[in-house]
Amino acid sequence: MHNGVLKMGVVCMITAMMALSMFGAMAGTQAGVEVVPQYYLVGFNELPSEGAQAAIENSGMDILNYQGDGVYLIRAAAPLYTSSLMMTMAEDICLYPPSMKISPEFSGLTGQQPVRVTLHEGEGVADVLQYLNSQAITIEKVHDISAPYVLCTMDTGQLSSVAALNQVSAVHPNSEPRT
């Protein structure tokens with residue numbers, strides 16, 4: 001196993017259990033019901049060739065970026081745990097865990113902090129804004145073109161719940177100057 005995949009091991013076991021229970025309800029999805037894509041960290045035995053990457057994308061999955069150590073971030077509408085293609089190619093699959101979305105720069109910080117909430121490419125900001133507003137998080141700036149993000153101020157105790165939003169790819173301290 002690759003080092004990156006080994007590091008994912010414990011997190012993958014926990015998130016796999018969550019995914020199986022989450023997707024149990026989705027397995028019977030009926031026509032006309034929107035399926036929300038999920039984000040996965042996928043560790044491969046070897047880096048997928050161009051042909052393998054094309055096969056993955058042709059089967060309805062999006063390879064978003066390389067995380068290192070043979071691990072890719074992949075978006076899929078159907079659970080990857082049920083994909084025969086992924087089962088033959090992947091060494092390890094887990095939902096992208098919220099804990100990996102939160103920057104270690106928050107370690108030791110408490111109270112209200114300026115935060116940059118970055119969304120996955122192609123995700124809209126409307127649902128995220130609705131959630132942030134419902135949590136009384138102060139929104140300072142919304143950027144919804146190309147690489148969407150929201151600049152806000154929140155208590156560090158709220159970081160985990162924001163990172164748990166499916167649309168969110170990362171939560172970092174906001175280093176953009178305030179105007």
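Student: Let's start with a pairing: which residue in S3 does Asn65 stand opposite?

Tutor: Keep in mind that this is a predicted model. Strand S2 (residues 61–68) and strand S3 (residues 71–76) run antiparallel, joined by 6 bridges. Across from Asn65 in S3 stands Leu73.

Student: And which residue takes a positive phi in the hairpin of S2 and S3?

Tutor: That hairpin has 2 residues between the strands. The positive phi, near 55 degrees, belongs to Asp69.

Student: Moving on to the open sheet of 4 strands, which strands stand at its edges, and why is one side of each left without a neighbour?

Tutor: The pairing in this sheet is antiparallel, and the order is S6-S7-S5-S8. At the edges a strand has a single partner, so one of its sides has no neighbour in the sheet. That describes S6 (138–143) and S8 (168–173).

Student: What is the bridge partner of Pro114 in S7?

Tutor: S5 (residues 112–119) runs antiparallel to S7 (residues 149–155), with 7 bridges between them. In S7, Pro114 is partnered by Thr153.

Student: At about what angle does helix H5 run to S6?

Tutor: Helix H5 covers residues 126–134 and lies across S5, S6 and S7. Its angle to S6 is about 170 degrees.

Student: Which element has the lowest mean pLDDT?

Tutor: For the chain, the mean pLDDT is 82, with 79% of residues at 70 or more. Helix H6 (residues 159–163) has the highest mean among the elements, 97. Residues 1–30 fall below 50, though the stretch has 42 contacts in the model beyond near neighbours in sequence. Predicted coordinates shouldn't be read in detail where pLDDT is low, and the lowest mean, 40, goes to helix H1 (residues 3–26).

Definitions and conventions
Residues are numbered from 1 along each chain as its sequence is written. This is a predicted model: local features need pLDDT of at least 70, side-chain atom pairs count only at pLDDT 80 or more; totals for chains, interfaces and linings use all residues. Side-chain values use heavy atoms; hydrogens and water are left out. Two strands pair if DSSP finds at least two bridges between them. Contact means heavy atoms within 4.5 Å. Axes are lines fitted to C-alpha atoms, for helices over the stretch in contact, and angles run from 0 to 180 degrees between N-to-C directions. pLDDT is the predictor's confidence in each residue, from 0 to 100.
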